[in-house]
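I opened this entry to keep a record of a few things I looked up, beginning with how two helices pack and then moving on to a strand and a single side chain.

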Amino acid sequence: MATATSLPIPARRPRRLRRTDTLRRMVRETVLASEHLIYPLFITHEANTCRPIPSMPGNFHWSVDRVAAECETVAALGIPAVLLFGIPAEKDAVGAGAYDPHGVVQAAVREIKRVVPELLVITDVCLCEYTDHGHCGVVHEGAVLNDPTLRLLAETAVSHAEAGADIIAPSDMMDGRVAAIRHALDTAGFDEVPILSYAAKYASGFYGPFRDAAGSAPQFGDRRSYQMDPANRREAVKEVLLDIDEGADMVMVKPALAYLDIIREIKELTRIPVAAYNVSGEYSMLKAAAANGWIDGERVMLEILTGIRRAGADLIITYHAKEAAPLLRGDRA
Ligand code: PBG
C-alpha cells in the first residue's frame, strides 16, 4: 500500500481562494442585492384587510387602504419595485374589472404613488383574475380568442398608466399584445411608460398557489393554447425576439427554477434587461420544506435567488423579496 508521502502533491489549489469569508467575498462572481428584487402584492377589493394566503405563507391579500403602509416597508428595505395583482369583487365574461378606471389595481396604484412616490409600481396586465371562466382572454365556444382580447388588454394598460403605473407587465400570452399595448399607451400620451413583457411564459404547474390566491384557475381546460410548452427552448427565443420587435423594454422568463437554461439563453440573446419570475409554487415548496425542518429555508432562499441571478437574470420577481432584502447588500447606506 502506498504511503501518504508517495502521493503527488496537488500543483493547483483552488481552495486557496475559499479560505476566508473576505477572500470568498472578493472573488465572488454573482452579486445579489435588494435592488434586483421585485415584490408581488395581491390587492383585494375589501376594506381594511391584510389576510394571510394559506398556500403562500408570509404573503397577504392587501386592501387599498392598507397596502401603501406595506409599500413603505418594502421601499425602506431597498426594494425598488412592487408588482400588483388584483382580486376584484366581481368577475364576468369579459374581465371588465381589469380595465375599470376605478378597479382595485387602479385604486392601489393611485394610493401607493401618493404615499410612496419613489417606489416603482409595476402592474400585471391580464384578464384571468377578472374573468368568470378564469382564462386570460375572451372566450367563445370554448376557445380563447386572440385578437378581440388585444383591445381589452390595451385598455387595461392605459387605465393602469392613467392611475400612475410606472411599468406595464402583460402576462396574458396573446399574440401581438406588446404592439397593441405600446400603440395604445403612445396614443394616450404614455410614451415614456416602459413595458416589461412576460415574453417566455410557460404553461406551468408551479402557478398553483397563485391561482388559489387570485382565484384565477381556469374553469374549463387549461392554458396550453396560449402559454408555452415546457419542452421548448427555441420557441422562447422566438417569443422574446417578437416582443422586443413589438416594443418590449424588458423581457421576462417565467417560471425561473425549471427554466434556468432559458434565462441564460435569453440573457445571451439580448442586451435589454432580463427578469425572471420566481413563481408561487417555487416559493411555497421551499416554505413547506422549511416548515417541516427538511431544509434551512433562509439558506436555500439565498441559494435559489443567487442561482437565478447567476443564470443571467438582471431582476427577480419573488415573494421572498421582503425576507431576502435585509440579508443582502444594497445601494443604501
Ligand atoms: C396571470 C398571472 C399568473 C401568474 C402571474 N400572472 C397566473 C397564470 O398565468 O396562471 C403566476 C404567478 C405565480 O405563480 O407566482 N396570467
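I looked first at the crossing of α7 and α8 in this predicted model, and I noted that the crossing is right-handed. The residues that make this contact are Ala 236, Val 237, Val 240 and Leu 241 on the α7 side, and Ile 262, Glu 265, Ile 266 and Leu 269 on the α8 side. Sorting them by class, I wrote down seven nonpolar residues, one charged residue and no polar ones for the contact of α7 with α8.

I then took down the geometry of the pair: helix α7 spans residues 234–246 and helix α8 residues 260–269, and the two pack at an angle of about 45° with their axes 10 Å apart. Because angles from 35 up to 65 degrees fall outside the parallel and perpendicular classes, I entered α7 and α8 as oblique to each other.

Next I turned to strand β5, residues 120–125, and found that five of its six residues are buried, so I recorded the strand as largely enclosed by the rest of the structure. Its pairing with strand β4, residues 81–87, is in the parallel sense and runs over four bridges. When I looked up Ala 81, I found that its bridge partner in β5 is Leu 120.

Last, I checked Met 26, which lies in helix α1, residues 21–27. Its relative accessibility is 65%, and because the cut-off for exposed is over 50%, I counted Met 26 as exposed. I also noted that the C-alpha atoms of Met 26 and Ala 89 are separated by 52 Å, the two residues being 63 residues apart along the chain.

Note on methods:
Residues are numbered from 1 along each chain as its sequence is written. This is a predicted model: local features need pLDDT of at least 70, side-chain atom pairs count only at pLDDT 80 or more; totals for chains, interfaces and linings use all residues. Side-chain values use heavy atoms; hydrogens and water are left out. Axes are lines fitted to C-alpha atoms, for helices over the stretch in contact, and angles run from 0 to 180 degrees between N-to-C directions. Angles under 35 degrees count as roughly parallel, over 145 as roughly antiparallel, 65 to 115 as roughly perpendicular and the rest as oblique. A crossing is left-handed if the near helix is turned anticlockwise from the far one by less than a right angle, and right-handed if clockwise. Contact means heavy atoms within 4.5 Å. Ala, Val, Leu, Ile, Met, Phe, Trp, Tyr, Cys and Pro count as nonpolar, Asp, Glu, Lys and Arg as charged, and the others, Gly among them, as polar. Buried means under 20% relative accessible area, exposed over 50%, partly exposed in between (1.4 Å probe, protein chains only). Two strands pair if DSSP finds at least two bridges between them.
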